[in-house]
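Please open the structure in your viewer and keep the selection tool at hand, since this tour moves from one selection to the next.

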Amino acid sequence: MQKSVLKGMDITMEKLGVNEIRERFLSFFEEKNCLRLGSFPLVPKNDASLLLINSGMAPMKKWFTGAEEPPRKRVTTCQKCIRTPDIERVGKTARHGTFFEMLGNFSFGDYFKHEAIAWAWEFFTKVMDFPVEDLWITVYEEDDEARDIWINEIGVAPERVVKMGKEDNFWEHGTGPCGPCSEIHVDRGPEYGCGKPDCKLGCDCDRYMEVWNLVFTQFDKDENGNYNRLEHPNIDTGMGLERLAVVMQGVNNLFEVDTVQNVMKEISRIAGVTYKEDEKTDVSLRVITDHIRSTVMMISDGVIPSNEGRGYVLRRLLRRAARHGKLLGIKDTFLYGVADTVINESKAAYPELEEKKDYIKKIIKIEEERFAATIDNGLSILNEYIAELKEAKATVLDGTKTFKLYDTYGFPIDLTIEILAEQGMEVDEEGFKKEMEIQKTTARTNRAEGSSWDGTDGMSFSKELKTEFIGYTQLECDATVTAIGAGKQEVDVLGEGAQGLIVTDKTVCYGEMGGQVGDKGMICTDMGKAEITDTQHISGGIIAHSVTITEGEIRVGDTVKICVDRKNRSMISANHSTTHLMHKALKEVLGTHVAQAGSLVNAEHLRFDFSHFEAMTTEELQAVEKKVNDAILAAMPIVVQELPIDEAKKLGAEAQFGEKYGDVVRVVSMGDYSVEFCGGCHLTNTAQAGLFKILSESGVAAGTRRIEAVTGYGVLEYIKKKDELIAKTAETLKSGLNDIDQKAASVTAELKETKRSLESIKAKLASGKAEDVLDSKKDINGVALVCTKVDGLSVADLRTMGDTLKSKLDCGVVVLASNADGKIMFLAMATDSAVKKGAHAGQIIRSVTQIAGGSGGGKPDMAQGGGKDADKIDEALAAVEGIVAGQVK
């Protein structure tokens, strides 16, 4: 049996692995009648105050406050947690990490201090075999009850129960539930201490390690600062799993416990390095080890790399890890491979990691490849900025340049800050924030859209109103007009030609909700008729009909007949039902990670937004389309039921995006294929949808894709337009309808051959020009400079000419400019020998393009850019000689 020696004494403990420790803890508290729950996802549910779950109790806030009933009064968990405030410290010390697991046992008005303390002691001394003489206890200085339990009931020596102040041993966060804490510390021995004669519990050194915190939530702090005793106090305990493993395994820090160390060993193998041989290498190993663990867990719980929120945290972790991989000399993408080790080490506790392995690795690989495609250019630009700062004897990189690195080259600002800090420099963060705000303001302006219906904006009624919706099973009803609005004012009557809102006590018209647009129809009385152009929900349970009076008038108090536009409702229902079928098909084709992120269903088409990390392939789109049409043609019955929410979940019903549900929910089932919560309108059989056709698939945000599609009559209209397009194309190509593809191929081949001939002629002309240009070369301190303007050439032609000129120079610089149909281009190239003498094509291009009102840059041997002012081309070229002379002194 493996043992770990504690405090250099003869007493030894069983050396348990992380997975074994976790299981012992959870099993122990199950024996105490605690309900073992799996870890909650890292993405908080219905909690906007948190970006990511960062403690064991965070997902249970509503159980602690009483807002929701817990599944049992006693609960135990091992919770995945992410904390990133100290991300820049990760790696630089062995203390800091972003991912950790928090063991906890909780009581919601059940057991309290006596049991919590007794069980903690039992777990440490009986289950984990901790030597009693190595355990120390802290209590809040005013909590005599806890101190008495430790000393008189548990039997801990009084000198080992230390009173601490509010800062250390009292948990509170503003107003609300709070209470004193009691912490269990392990004395790891003088070899971990600071060596000071007064080293004791509370010292900042590593000797006395806090392992378990017991929080006794017994007060409710009010706005006046009073601590009122709770009628039903709670228990919230937290013990870091990795921290406990450090002590149990007799290692120095979290990076040396078994599961974490196995991840580091795999990284070391890939990089060909050994931990603890070089401090700089160790920093990179710790960064990658920690960040890949966080990355795997976050992606498993649905986070996708992006530039906002938790997606940005993930991108930041991934890219920081990738950069440290480069520092270790790893040239290829590798993090997605290391994910295998992370999954293998943790899948026993989190089986979803194995289930989602391919998806997790794919997300990581895509992000690695994206970063790899930009990091070299970004690092080159940043190195140029650093060189400029050094030359100017400055230490602050301005916000505009920092934002360019972030926006153009995908450099998280944190990475820029970290690299600059290594050079003793810093970022103008305020300037960066201003640039970011400008971009956000521009984006908001660009995407701002008016409301789909403005009739209810600012409209309110003086009396309490409520509209009963009865339109699921009937499309006509009699109702009473309870209110009328016009121009945001309440009125008693609407006359012929007037537009306004009509509210009734009940209606068969569906008000826009859950992505489904409002119904159209008619409202009729003996004295008037109104066309319903839209139906909307407004505050307080009111359904309002937006109308135009086509005959007579309608008054408050009138009895009216409301009729839904049947064809319009049928087409909306077809698109809505098919959206459910498509959601299911997407999960089958792409994976279970697909989740609805929004939708729009009207009579003309359907739009469905969903979580996915890359554009769908043609084959995937075809597979989804086939599955949906198969489901339609299978003529499956569509059944709607109202069920208690727990019963609905047992059926496997999926919640709709952004919806909140009560105790009873409406469940829509389509055969045994699709089951979802939904309050919208549907067909009674899938066959009524006719056919389904995807029109487009696109990206709308990082990690979110959009499909637009049509059904039924929409498919017929699509076919009609395609037929018209084919006929017009055949007419243009002077081809029969059945030969259109062959004719198109023939015309394309002819065009390619003509283009090849033109390129050949251009190449010969460029070669001839090159010979003429070489005659005008100048010698600048032993470097030949060729600088000229050659109008009419494309970027490709300009590059060809540059390569030709460069090949004829032993040590030289080539700078070319071209104005082709108003497009101004600059190109600079330098031979290897010229670069060794100091020539830098990127800096040359940056200078000359600025003169011409443009921008550009690149590497020392090749760079290009554009200009805006054609009148400045000659001036820009005239400056080249001086620039090169300054470089090759």
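Over what distance should the 22 residues of helix H8 (residues 279–300) span at 1.5 Å a residue, and how far apart are its end C-alpha atoms? In this predicted model, the expected span is 32 Å and the end C-alpha atoms of H8 are 32 Å apart, so the two values agree. Keep H8 selected and show its surface: the helix is mostly covered, with 20 of its 22 residues buried. At the start of H8, select Asp278, where a side-chain oxygen comes to within 3.1 Å of the backbone nitrogen of Lys280. Then go to Gly302, just after H8, which takes a positive phi of about 100 degrees.

Next, select Ser55, which sits in the loop between strand S3 (35–37) and helix H2 (61–65). Ser55 is buried, at a relative accessible area of 16%, and a polar atom of its side chain lies 3.3 Å from the backbone nitrogen of Ala58. If residues up to four places away in sequence are set aside, Ser55 touches Gln79, Cys81 and Arg83.

Finally, select the cysteines, bearing in mind that the structure holds zero disulfides. Cys178 is in no disulfide, and the nearest cysteine sulfur, that of Cys181, is 10 Å away; Cys178 itself is buried, with a relative accessible area of 0%. At Cys205, the closest cysteine sulfur belongs to Cys199 and lies 3.6 Å away, which is too far for a bond because a disulfide requires the two sulfur atoms to be within 2.5 Å. Cys205 also counts as buried, at 15% relative accessibility.

How values were computed:
Residues are numbered from 1 along each chain as its sequence is written. This is a predicted model: local features need pLDDT of at least 70, side-chain atom pairs count only at pLDDT 80 or more; totals for chains, interfaces and linings use all residues. Side-chain values use heavy atoms; hydrogens and water are left out. Buried means under 20% relative accessible area, exposed over 50%, partly exposed in between (1.4 Å probe, protein chains only). Helices (H or I, at least four residues) and strands (E, at least two) are DSSP runs, numbered from the N terminus. A polar contact is a pair of N or O atoms within 3.5 Å; within protein, one must be able to donate a hydrogen and the other to accept it, and residues adjacent in sequence count only if both atoms are side-chain atoms. Contact means heavy atoms within 4.5 Å. The expected span of a helix is 1.5 Å times one less than its number of residues.
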